[in-house]
Amino acid sequence: MPSIPAGVRGAIITGWGTALGEKVITNDDLSKVLDTSDEWIVERTGIRERRVGGTTAGLSVESGRKALAMAGLEPGDIDALVLATTTPDRTVPATSATVQNALGLRCGAFDVNAACSGFVYALVAAHGLIALGMNRVLVIGTDTLARITDWDDRNTAVLFADGSGAVVLEAQEAGTQLLAWDIDADGSAEKYLYCDIGGYMHMDGKEVFRRAVRIMVDSAQKSMKAAGVTADDIALVVPHQANVRIISAACERLGVPMERAATVLQYAGNTSSASIPLALADALNHGRVKPGDHVLLVGFGAGMTAASAVLRWGGTA
Ligand code: ACO
């Protein structure tokens with residue numbers, strides 16, 4: 001991955017917001033209709049309950065509005081909207097267009113689909129827009145996986161859910177928050193995790209698990225090396241929230257203690273593009289990050305894609 005050229009205009013995150021589906025579905029709820037149990041789901045995935053409901057645009061508007069309020073900005077201040085989603089509400093137009101209008105933004109808007117790596121892809125793209133002269137970019141990660149989940153299939157129904165997380169990225173003339181980044185994809189692995197148009201998610205869980213740990217660790221190590229940091233320097237890892245065993249195996253291989261990982265999957269399930277911003281917001285709201293801390297974002301997903309970024313919270317200057 002190319003390193004960030006010296007002198008490039010950087011950015012910092014100045015606001016964040018989240019939204020979850022309204023309806024809570026517990027493991028016990030699922031075990032009433034599927035051949036599964038709370039014990040199995042908790043032990044194999046770490047998920048205790050998940051939230052479903054809402055549209056991709058609706059959840060995005062809720063998280064985006066909160067992020068704008070926290071940053072103290074008006075809709076007219078935003079120069080671009082980048083929405084990461086793998087579950088757009090319609091094929092055409094892009095869901096970001098619906099969100100742009102509902103939020104009252106007057107700017108360009110586009111969707112990014114890189115499955116569960118999508119938020120990191122979108123964040124990197126937003127930094128690119130700022131490097132090219134924009135001042136404020138709203139980045140949202142949202143998925144409504146409940147709509148593409150076969151609720152009679154215990155292999156997938158216990159995992160997927162709906163949610164959204166948003167951040168406001170503002171240009172900073174001196175110093176930047178993003179120290180290094182990596183994006184990757186291996187289209188030859190698409191058969192292990194896919195959803196045809198109008199269909200349901202299909203997943204080879206074991207193969208996805210095996211590849212997930214490897215590609216997350218590879219991507220994270222590339223970003224950490226480019227940022228000039230080691231595992232000891234990472235104060236917080238914000239991984240894609242697929243399975244606590246994947247997170248723990250990845251942390252172990254990276255040499256970062258599991259206590260430094262942000263997790264929301266226990267109450268939010270796997271929300272794909274939303275999972276990293278939801279976990280980041282949860283950690284920030286709990287005061288787990290202070291200025292100067294190094295934060296590692298790392299995702300993997302269908303494609304199969306992987307992406308990571310090392311942030312220095314508050315920027316370098
Ligand atoms: N409840 C009870 N038993 C179950 C369930 C369930 N929900 N699902 C499977 N089982 C059974 C299986 O049938 C199998 O039974 P058998 O031994 O009699 O054959 C047994 O439990 C073990 O099944 P495995 O598939 O080996 O279970 P595993 O430990 O691999 O866990 C899981 C399955 C949780 C799906 C895991 O493989 C995983 O998390 N994989 C990665 C999934 C993932 O990350 N997906 C999202 C990617 S991100 C994106 O792009 C959306």
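Is Arg211 buried or exposed? Let us keep that question in hand while we walk through this predicted model, beginning with its sheets and then turning to the side chains.

A good place to start is an open sheet of five strands, whose order is β1-β7-β6-β4-β5 and whose pairing is mixed. At its edges stand β1 and β5 (108-112), each of which pairs on one side only. On average, neighbouring strands in this sheet are turned by 20° against each other, direction ignored. If you follow β1 to its partner, strand β7 (residues 162-172), you will find the two pairing in the antiparallel sense over ten bridges. One residue to look for here is Trp16, whose bridge partner in β7 is Val167.

Helices pack against this sheet too. Helix α3 (residues 56-71) lies across β1, β4 (80-84), β6 (136-144) and β7, and it runs at about 130° to β1. Helix α10 (residues 275-285) also packs on the sheet, where it touches β1, β6 and β7. The direction of α10 makes about 100° with that of β1.

Now stay with Trp16 a little longer. The count of aromatic pairs comes to one. That pair is made by Trp16 and Trp313, which meet edge-to-face, with 6.3 Å from centre to centre and 70° between the planes. Where do the two partners sit in the chain? Trp16 belongs to strand β1 (residues 10-20), while Trp313 is in the segment after β13 (305-312), so the pair links distant parts of the chain, 297 residues apart. Both Trp16 and Trp313 are buried.

Next comes another open sheet, this one made of four strands in the order β8-β13-β12-β11, again with mixed pairing. Its edges are β8 and β11 (234-239); because each has a single partner strand, one side of each is left without a neighbour in the sheet. Neighbouring strands here are turned by 10° against each other on average, direction ignored. Strand β12 (residues 294-301) and β11 run parallel and are joined by five bridges. Within that pairing, Ile234 has His294 as its bridge partner in β12.

This sheet has helices packed on it as well. Helix α5 (residues 118-131) touches β8, β12 and β13, and its direction makes about 55° with that of β13. Helix α7 lies across β8, β11, β12 and β13, running at about 35° to β13.

Helix α7 brings us back to the opening question. Arg211 has a relative accessibility of 16%, so it counts as buried, given that buried means under 20%. What does its side chain meet? Arg211 forms a salt bridge with Asp186, and their closest N and O atoms are 3.8 Å apart. This pair links distant parts of the chain: Arg211 is in helix α7 (residues 205-227), whereas Asp186 is in the loop between β8 (178-185) and β9 (193-194), 25 residues apart. Asp186 is partly exposed, with a relative accessible area of 33%.

Beside Arg211 in the sequence is Arg210, which forms a salt bridge with Glu207, with 2.7 Å between the closest N and O atoms. Arg210 and Glu207 are separated by about one helical turn because they are three residues apart in helix α7. Glu207 is buried, at a relative accessible area of 15%. Salt bridges with shared partners join Asp186, Glu207, Arg210 and Arg211 into one network.

How many salt bridges does the whole structure hold? A search finds eleven. Another of them joins the side chains of Asp29 and Lys32, at 3.9 Å from N to O. These two residues lie in helix α1 (residues 27-33), three residues apart, which is about one turn of the helix. Asp29 is partly exposed, with a relative accessible area of 32%, while Lys32 is exposed at 67%.

Finally, a word on cysteines. A disulfide is a covalent bond between the sulfur atoms of two cysteines. A search of the whole structure finds zero disulfides. Cys107 is buried, with a relative accessible area of 14%, and Cys116 also counts as buried, at 10% relative accessibility.

Methods: Residues are numbered from 1 along each chain as its sequence is written. This is a predicted model: local features need pLDDT of at least 70, side-chain atom pairs count only at pLDDT 80 or more; totals for chains, interfaces and linings use all residues. Side-chain values use heavy atoms; hydrogens and water are left out. A salt bridge is a side-chain nitrogen of Lys or Arg within 4 Å of a carboxyl oxygen of Asp or Glu. Buried means under 20% relative accessible area, exposed over 50%, partly exposed in between (1.4 Å probe, protein chains only). Rings of Phe, Tyr and Trp (its six-membered ring) pair if their centres lie within 6.5 Å; planes under 30 degrees apart count as stacked, over 60 as edge-to-face and the rest as tilted. Two strands pair if DSSP finds at least two bridges between them. Axes are lines fitted to C-alpha atoms, for helices over the stretch in contact, and angles run from 0 to 180 degrees between N-to-C directions. Contact means heavy atoms within 4.5 Å. A disulfide is a pair of cysteine sulfur atoms within 2.5 Å.
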